[in-house]
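This report looks at charged side-chain contacts and at one stretch of sheet. Please have the sequence and the structure open side by side.

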Amino acid sequence: MRARSIGAAAATGLALVAARDLVQRKHALLRNFPLVGHARYVLETIGPELRQYIVTSNDEERPFSRDQRSWIYASAKGENNYFGFGTDNDVEHVQGHAYVKQRTFAGALPDLSDPQAALPSAKVLGGPRGRAKAFRPASVINISAMSFGSLSGAAVTALNKGAALAGTMHNTGEGGLSPYHLNGGDLVLQIGTSYFGCRNEDGTFNLDKLTSMVAGAPVKAIEIKLSQGAKPGLGGMLPGAKVTDEIARIRDIPAGEDCASPSRHTAFHDVDSMLDFVELLATETGLPVGIKSAVGEMDFWEELATLMERGERGVDFITVDGGEGGTGAAPLIFADSVSLPFRMGFSRVYGVFAERGLTDDITFIGSGKLGLPENAVVAFALGADMINVGREAMLSIGCIQAQKCHTDKCPTGIATQNPWLARGIDAPSKGIRAAMYLRTLRRELLKVSGAVGVPHPSLITPTDIDILNGDYDARSLGSVYGYKDGWGSLGPELAHEIAELLTT
């Protein structure tokens, strides 16, 4: 009898826990997997011990280590994101590790008590080319391109709400402008090879649809996607089973039919015609227009810089995506071995424009695992003016690095179109977490900039960072990537302007 009573009590307790899991809004995993989901948190709690003696260390997992994920989770929740008892890194032997060189004295620095951690761009986007709607981005950190379709509507909503709260921009991705992007955040509208949302029935570009779409949404800039780090030079395929009526309506494609994106654009066929296309979009919309690309052969960039040197046409910004892979699902060979990693690719592209004295006229945006302070600092030192965060933003709203993005079975409801899984995301609360992560990253960059003795990360130079080059030896960041004197630095007028803006 007693055993039966204990069993009944246990069953009742489990039922109450399951009921609570289903209605709570804090954890998407528990809403989707009541009771069972708690096992993940139990394992996470003892994870450091398990890895220390059985599996891996805190700094070995990929693509994001446990330490990196823990920092993002803590930052998004507003918890203590410090680490104690020293670094896990082998600081004298890890090839390629970056070390920031602090200064003993500094001039005027920003006030770190600002809860918003305001950190505007050092450059006016579209200003050098006189775009009608040129503006200074309010945040050097913005949310990278992740389409509705690859992410659930709830995830896109959460990210856009987070962008609004943190004062950042949110890139729509090439999947078109969805209602989930209209939750208060400013947008960068991405146009891919399929021209989703601004296409004719045959898949060609439709300018009237683009101008209409831009007029009815808070679009601040247009990004033409040439390629992405996850699968450069490869078109995408959206299976017909995933082409719901909603996605079909947003993308201007037939519902229930396979949608194959071409690997290259049809609206232009070379650098010269691409610049004509850029100027057409800028003229018709008044918006700054740029390009996004992973980096492979360099002839494209050489020709682009040569044509821009004439001053008649040009892109307002260049987003360089690292070839390490990202939020897009891709064949393993593309994720592992096609296109250059971020630091190599960015430094080569930057050098092409630096040789011609054009860097102050272009906003350089970095993308590719830069949502971690140490990676972001290196990007700014190499000459990036802003960075886009993708996977890190996903982690901030609950991603657990399950690496099921390509299966439509994301357990936290982020990278899926499964309604049952997506319901696990409470967009308002996850939006707050995204905003807290973005603000925290900005504050960390301000702290590191202050340690270097400058008020803004764009004022960190390649000489302020050393790269470990084998046992007990290091070289400056500039020498590692072949930078000449002055490369990676802002021009005097831009440097003075952003310093004044942050310290006045």
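The text below covers salt bridges, then strand pairing.

**Salt bridges**

The model is predicted. The count comes to 17 salt bridges. Three of them are set out here, each with its N to O separation.

| Pair | N to O distance |
|---|---|
| Lys101 and Asp466 | 3.2 Å |
| Asp252 and Lys209 | 3.6 Å |
| Lys484 and Glu355 | 2.8 Å |

Start with the salt bridge between Lys101 and Asp466, at 3.2 Å. Lys101 sits in the loop between strand E1 (98-100) and strand E2 (141-143), and Asp466 belongs to strand E12 (residues 465-468), so the contact ties together parts that are 365 residues apart in sequence. Is Lys101 buried or partly exposed? Its relative accessibility is 34%, so Lys101 counts as partly exposed.

Next comes the salt bridge of Asp252 with Lys209, whose closest N and O atoms are 3.6 Å apart. Asp252 is in the loop between helix H8 (245-251) and strand E7 (259-260), while Lys209 is in helix H7 (residues 207-215), so this pair ties together parts 43 residues apart in sequence. Asp252 is partly exposed, at 30% relative accessible area. Lys209 is partly exposed as well, at 34%.

The third pair is Lys484 and Glu355, which meet at 2.8 Å. Which parts of the chain does this pair link? Lys484 lies in the loop between helix H17 (477-480) and helix H18 (492-503), and Glu355 in the loop between helix H12 (342-354) and strand E10 (363-367). These distant parts of the chain are 129 residues apart. Lys484 has a relative accessible area of 46% and is partly exposed. Glu355, at 47%, is also partly exposed.

Shared partners also matter for the listing. Arg129, Arg131, Glu279 and Asp316 are joined into one network by salt bridges that share partners.

**Strand E4 and its neighbours**

Strand E4 spans residues 186-191. How many of its six residues are buried? Five are, which leaves E4 mostly covered.

E4 pairs with two strands named here. With strand E3 (residues 169-171), the pairing is parallel and uses three bridges. Asn171 stands opposite Val188 in E4. With strand E5 (residues 219-225), E4 also runs parallel, and five bridges join them. Here Leu187 stands opposite Val219 in E5.

Helix H7 enters this picture too. E4, H7 and E5 make a right-handed β-α-β unit. H7 is the helix that holds Lys209, the salt-bridge partner of Asp252.

Notes: Residues are numbered from 1 along each chain as its sequence is written. This is a predicted model: local features need pLDDT of at least 70, side-chain atom pairs count only at pLDDT 80 or more; totals for chains, interfaces and linings use all residues. Side-chain values use heavy atoms; hydrogens and water are left out. A salt bridge is a side-chain nitrogen of Lys or Arg within 4 Å of a carboxyl oxygen of Asp or Glu. Helices (H or I, at least four residues) and strands (E, at least two) are DSSP runs, numbered from the N terminus. Buried means under 20% relative accessible area, exposed over 50%, partly exposed in between (1.4 Å probe, protein chains only). Two strands pair if DSSP finds at least two bridges between them. A crossover is right-handed if, with the strands pointing away from the viewer, the path from the first strand over the helix to the second runs clockwise.
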